[in-house]
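This report takes a helix, its packing partners and two strand positions in turn. Please keep the structure open while reading.

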Amino acid sequence: MENYEMMLIFLADIGEDAINQELEELRKHLSDNGGKILHEDNWGIREMAYRIKKQERGYYSNINFSLAPDKIEEIQKNFTLNPKVIRFLLMKTPLNYIFKTSEEYQNDAEPIQIQVKTYPF
């Protein structure tokens, strides 16, 4: 078993029910193949930095799971052919990888301080 992390971007206009159904199918597929979901972080609908497949917004979901390496290709194929998925990224995580949610990243970020200089006229 290896650990993986997958970021999914679904079409924003298909609705929460359809997205939850897609995520439930992924969970079922993983458990049927002996995998286990370690962490799941759904970010919700967000604006994308640039248009992908004529879409400007997408529903983001980040999933950390363990699965046998020979089963990964089937998951990649399913999401490549899925018309509800705008984009996905699947990567193998290092041994000592610690999963952080988007809230944890936001809390750890240092606030930006802007210094304004005034000039006498």
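## Helix H1 and its packing

The buried residues of H1 pack against strand E1 (2–11), E2, E3 and helix H2 (72–81). The model is a predicted one. H1 itself covers residues 16–32, 17 residues in total. From first C-alpha to last, H1 reaches 24 Å, close to the 24 Å expected at 1.5 Å a residue.

Which residues of H1 are buried? They are Ala18, Ile19, Glu22, Leu23, Leu26, His29 and Leu30. These residues lie on the same side of H1, because they cover an arc of only 135 degrees around the axis. In an α-helix there are 3.6 residues a turn, so residues three or four places apart point the same way. The other side of H1 carries exposed residues: Asp17, Lys28 and Asp32. Just after H1 comes Gly34, with a positive phi of about 85 degrees.

## The E2–E3 hairpin

Strand E2 spans residues 36–52, and strand E3 spans residues 55–67. The two pair in the antiparallel sense, over 11 bridges. One bridge links Glu47 to Arg57 in E3.

E2 and E3 form a hairpin with 2 residues between them. Lys53 sits in the turn. Its phi is positive, about 50 degrees.

## Ser61 in strand E3

Is Ser61, in strand E3, buried or exposed? Ser61 counts as buried, because its relative accessibility is 0%, and the cut-off for buried is under 20%.

The side chain of Ser61 makes a polar contact with the side chain of Asn42, at 2.5 Å. Leaving out residues up to four places away in sequence, Ser61 touches Met6, Met7, Leu8, Leu23, Asp41 and Asn42. One of these, Leu23, is among the buried residues of H1.

## Asn64 in strand E3

Asn64 is also found in E3. Its relative accessibility is 4%, so Asn64 counts as buried.

What does Asn64 contact, apart from its neighbours within four places in sequence? The list is Tyr4, Glu5, Ile37, Leu38, His39, Thr93, Tyr97 and Phe99. Tyr4 and Glu5 fall within E1 (2–11). Ile37, Leu38 and His39 fall within E2 (residues 36–52).

## Summary

H1 turns its buried residues to E1, E2, E3 and H2. E3 pairs with E2 in the antiparallel sense. Within E3, Ser61 is buried at 0% relative accessibility, and Asn64 is buried at 4%.

Notes
Residues are numbered from 1 along each chain as its sequence is written. This is a predicted model: local features need pLDDT of at least 70, side-chain atom pairs count only at pLDDT 80 or more; totals for chains, interfaces and linings use all residues. Side-chain values use heavy atoms; hydrogens and water are left out. Helices (H or I, at least four residues) and strands (E, at least two) are DSSP runs, numbered from the N terminus. Buried means under 20% relative accessible area, exposed over 50%, partly exposed in between (1.4 Å probe, protein chains only). Contact means heavy atoms within 4.5 Å. Two strands pair if DSSP finds at least two bridges between them. The expected span of a helix is 1.5 Å times one less than its number of residues. The arc is that of the directions from the helix axis to the C-beta atoms. A polar contact is a pair of N or O atoms within 3.5 Å; within protein, one must be able to donate a hydrogen and the other to accept it, and residues adjacent in sequence count only if both atoms are side-chain atoms.
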